[in-house]
Amino acid sequence: MKKLISLQHQAETSYIILNTGRCKACWACVDVCPQHVFGKVDFLFHRHARIDQPENCQGCLLCLDACSHQAILSIEKTHDNISL
Ligand code: SF4
Ligand code: SF4
C-alpha cells in the first residue's frame, strides 16, 4: 500500500518536477525525453508518467514544452512560485 501511495507523489530531477496528480498519461514526455528519464505507470486506474532515471536529466526542458497538462514544471519556475 505504501508503494502505491508513493507513486502518486511528486518526483523530481535536478531540473524538473513531475506532478503525477496532473498527469493524463499521454506519454508525450516519455517520447520526447532524449535521456530516457521517464517511465510509465500503467496498471488498472494508475496511469501516469514517473521519473525512472533522474540522474540522466540534462535540463533541456523538452518535456516541459511537450506536456500540455502542466504536470511538469522547471525547478527554477517552481522556486520562483514558492518565493512569491
Ligand atoms: S529536462 Fe530534458 S533530459 Fe530532463 S527529463 Fe525533461 S526532456 Fe528529459
Ligand atoms: S506529457 Fe504530461 S500529461 Fe503526458 S505523460 Fe508526461 S507528464 Fe503526463
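Okay, before I show you anything: when I say helix or strand today, I mean DSSP runs, H or I over at least four residues for a helix and E over at least two for a strand, numbered from the N terminus. Counted that way, the protein chain has 4 helices and 5 strands. And keep in mind that this is a predicted model.

So, the layout. Walking from the N terminus, you get α-β-β-α-β-β-α-β-α. The chain has 84 residues, and 30% of them are buried.

Let's go inside. Which residues have the most contacts within the largest nonpolar core? They're L18, F38, A49 and I72, in a core of 16 residues. Strand 2, residues 16-18, and strand 4 are the elements that each put two or more residues into this core.

While we're on buried things, have a look at S74 in strand 5. S74 counts as buried because its relative accessible area is 11%, and the cut-off for buried is under 20%. The C-alpha of S74 sits 7.2 Å from the C-alpha of L64, with the two positions 10 residues apart along the chain numbering.

Now the ligands, since I know you'll ask. Around ligand 1 we have C33, P34, Q35, V37, F38, C57, Q58, G59, C60, L61 and C63. Sorted by class, that shell comes out as 8 nonpolar, 3 polar and no charged residues. You'll have spotted F38 in there; F38 is also one of the residues with the most contacts inside the core.

Ligand 2 has 13 residues around it. Which ones come closest to ligand 2? That would be C23, C26, W27, C29 and C67. The class split for the ligand 2 shell is 11 nonpolar, 1 polar and 1 charged.

On to charges. Side chains of opposite charge can pair when their charged atoms come close. How many salt bridges does the structure hold? There are 2. One joins D42 and R47, with the closest N and O atoms 2.9 Å apart. The other is R50 with D52, at 2.6 Å from N to O.

Are these side chains tucked away? R47 is partly exposed, at 38% relative accessible area. R50 is at 35%, so it's partly exposed too, and D52 gets that label because its value is 36%.

Next, the surface. F43, L44 and F45 make a nonpolar patch of about 460 Å². F43 belongs to strand 3, residues 38-43, and L44 is in the loop between strand 3 and strand 4, which covers 46-51. Why do we call F43 exposed? Because its relative accessibility is 54%, and exposed means over 50%. L44 is exposed as well, since its relative accessibility is 66%.

Last thing, backbone angles. Most residues other than glycine have a negative phi. L44, though, has a positive phi of about 55° and isn't a glycine. So our patch residue in that loop between strand 3 and strand 4 has an angle you may want to look at on screen. Q70 also has a positive phi, near 55°, again in a residue other than glycine. Where does Q70 lie? In the loop between helix 3, residues 62-66, and strand 5, residues 72-74.

That's my tour. Over to you.

Technical notes: Residues are numbered from 1 along each chain as its sequence is written. Chains are lettered from A and ligands numbered from 1 in the order in which they are written. This is a predicted model: local features need pLDDT of at least 70, side-chain atom pairs count only at pLDDT 80 or more; totals for chains, interfaces and linings use all residues. Side-chain values use heavy atoms; hydrogens and water are left out. A residue is near a molecule or strand if one of its heavy atoms lies within 4 Å of it. Ala, Val, Leu, Ile, Met, Phe, Trp, Tyr, Cys and Pro count as nonpolar, Asp, Glu, Lys and Arg as charged, and the others, Gly among them, as polar. A salt bridge is a side-chain nitrogen of Lys or Arg within 4 Å of a carboxyl oxygen of Asp or Glu. Buried means under 20% relative accessible area, exposed over 50%, partly exposed in between (1.4 Å probe, protein chains only). Patches are made of residues with over 30% relative accessible area and no salt bridge: like charges are joined within 9 Å, nonpolar side chains (Val, Leu, Ile, Met, Phe, Trp, Tyr) within 5 Å. Accessible areas come from the Shrake-Rupley method with a 1.4 Å probe; for residues, only the protein chains shown count as cover. A nonpolar core is a set of buried Ala, Val, Leu, Ile, Met, Phe, Trp, Tyr and Cys residues joined through side-chain atoms within 4.5 Å.
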